Amino acid sequence: MGLEDYRRNVSEAKHASILQAGRAVFLRDGFSRAAVAEIARDADVSTATLYKHFASKEDLFAAIIMDAITQVEDLSDLEGTETALADILLTIGRTYLTNQFERGANDLMRIVIAETTTSPALAAETLHLLTERRRQRLVALFDRCVERGIMKPNNTDLSAQLLSGMIKELFVWPAIFDTSFTLPSDTEDKIRTIIQVFLARYAA
């Protein structure tokens, strides 16, 4: 391994360590009370090193949100396949819930909501990050489904929001405001019911 490769690997390891430590501190203390110095200490880096990777606490929080989303919700593989629309929607539903419940997006959303009064700009920006990337991916995927002729021509921005809205109503919002909420035993059946409703309106 050359010197440049070694330096890059060290930098990537520090970056990942900062994300992990930041996530833990934010989830425990919330955004406002989270201390950058404590995050750096938990990541085993200096505060100066942390700021080399992230210009501010806000940037670090945004990166943690993006990390939570991008590791799960990569739906690009579905855009070029011949997969049936019902199976595409089932994959979307499953990855949505994996992101929310296993990758901790619900916990991050609680932090955003808690900051609405004290830091409205931060809350608006981070909530946008949590929802906009997903919306863009769904729109691109639904546009492809229309091109394939398996979805009726429609306002795919609206249909993406409708699908997300049904999932949020049944699973996400109950979990946001009730930390004891867990996915019910009939989750798969409910996802399939959502799909049936969606197909009734949009399937070609």
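The questions and answers below go through the helices, their packing and some single residues of this predicted model.

Q: What makes up the fold of the protein chain, in helices and strands?
A: The protein chain holds ten helices and zero strands, and read along the sequence it follows the pattern α-α-α-α-α-α-α-α-α-α. Its C-alpha trace spans about 55 × 45 × 30 Å along the principal axes, and of its 204 residues 40% count as buried.

Q: How do you know what share of the contacts joins residues at least 24 apart in sequence?
A: The contacts considered are those between residues at least 6 apart in sequence, and among these 70% join residues at least 24 apart.

Q: Why are α9 and α10 called roughly antiparallel?
A: Helix α9, residues 156-177, and helix α10, residues 187-202, pack at an angle of about 155°, with their axes 11 Å apart. Angles over 145 degrees count as roughly antiparallel, and α9 and α10 are therefore given that description. Their crossing is right-handed.

Q: Which residues meet where α9 packs on α10, and what is their character?
A: From α9 the contact takes in S159, L162, L163, M166, I167, L170 and F171, which meet T187, K190, I191, I194, V197, F198 and Y202 of α10. By character, these residues divide into eleven nonpolar, two polar and one charged.

Q: What makes α8 oblique to α9?
A: Helix α8, residues 120-148, packs with α9 at an angle of about 120°, and the two axes are 8 Å apart. The angle falls outside the ranges for roughly parallel (under 35 degrees), roughly antiparallel (over 145) and roughly perpendicular (65 to 115), and so α8 counts as oblique to α9. The crossing of this pair is right-handed.

Q: Which residues make the contact of α8 with α9, and how do they divide by character?
A: On the α8 side the contact is made by T131, R134, R135, L138, V139, F142, D143 and V146, and on the α9 side by T156, D157, S159, A160, Q161, L163, S164 and K168. These residues divide into six nonpolar, five polar and five charged.

Q: Why does L163 count as buried, and what does L163 contact?
A: L163 is placed in helix α9, and its relative accessibility is 2%. Buried means under 20%, so L163 meets that condition. Leaving aside neighbours within four places in sequence, L163 is in contact with L89, I92, F142, I194 and F198.

Q: What makes up the largest nonpolar core, and which element gives the most to this core?
A: The largest nonpolar core has 52 residues, and those with the most contacts inside it are F26, L60, F61, L89, I92, F142 and L163. The elements that give two or more residues to this core are α1, α2, α4, α6, α7, α8, α9 and α10, and α8 gives the most, with eight residues.

Q: How do you know whether I92 is buried or exposed?
A: I92 has its place in helix α6, and with a relative accessibility of 3%, set against the cut-off of under 20%, I92 therefore counts as buried. I92 and A124 are 32 residues apart in sequence, and their C-alpha atoms are 25 Å apart in space.

Q: Why is G22 called buried, and which residues does G22 touch?
A: G22 lies in helix α1, and its relative accessible area of 0% is set against a limit of under 20%, so G22 is buried. Not counting residues up to four places away in sequence, G22 touches I39, L60 and I64.

Q: Why is R8 described as partly exposed?
A: R8 lies in helix α1, and its relative accessible area is 44%. Buried requires under 20% and exposed requires over 50%, so R8 is placed in between, as partly exposed.

Q: What is noted about the phi of D44, and why does D44 count as exposed?
A: Most residues other than glycine have a negative phi. D44 has a positive phi of about 60° although it is not a glycine. D44 is found in the loop between α2 and α3, and because its relative accessibility is 71%, against a cut-off of over 50%, D44 counts as exposed.

Definitions and conventions. Residues are numbered from 1 along each chain as its sequence is written. This is a predicted model: local features need pLDDT of at least 70, side-chain atom pairs count only at pLDDT 80 or more; totals for chains, interfaces and linings use all residues. Side-chain values use heavy atoms; hydrogens and water are left out. Axes are lines fitted to C-alpha atoms, for helices over the stretch in contact, and angles run from 0 to 180 degrees between N-to-C directions. Helices (H or I, at least four residues) and strands (E, at least two) are DSSP runs, numbered from the N terminus. A crossing is left-handed if the near helix is turned anticlockwise from the far one by less than a right angle, and right-handed if clockwise. Contact means heavy atoms within 4.5 Å. Ala, Val, Leu, Ile, Met, Phe, Trp, Tyr, Cys and Pro count as nonpolar, Asp, Glu, Lys and Arg as charged, and the others, Gly among them, as polar. Buried means under 20% relative accessible area, exposed over 50%, partly exposed in between (1.4 Å probe, protein chains only). A nonpolar core is a set of buried Ala, Val, Leu, Ile, Met, Phe, Trp, Tyr and Cys residues joined through side-chain atoms within 4.5 Å.
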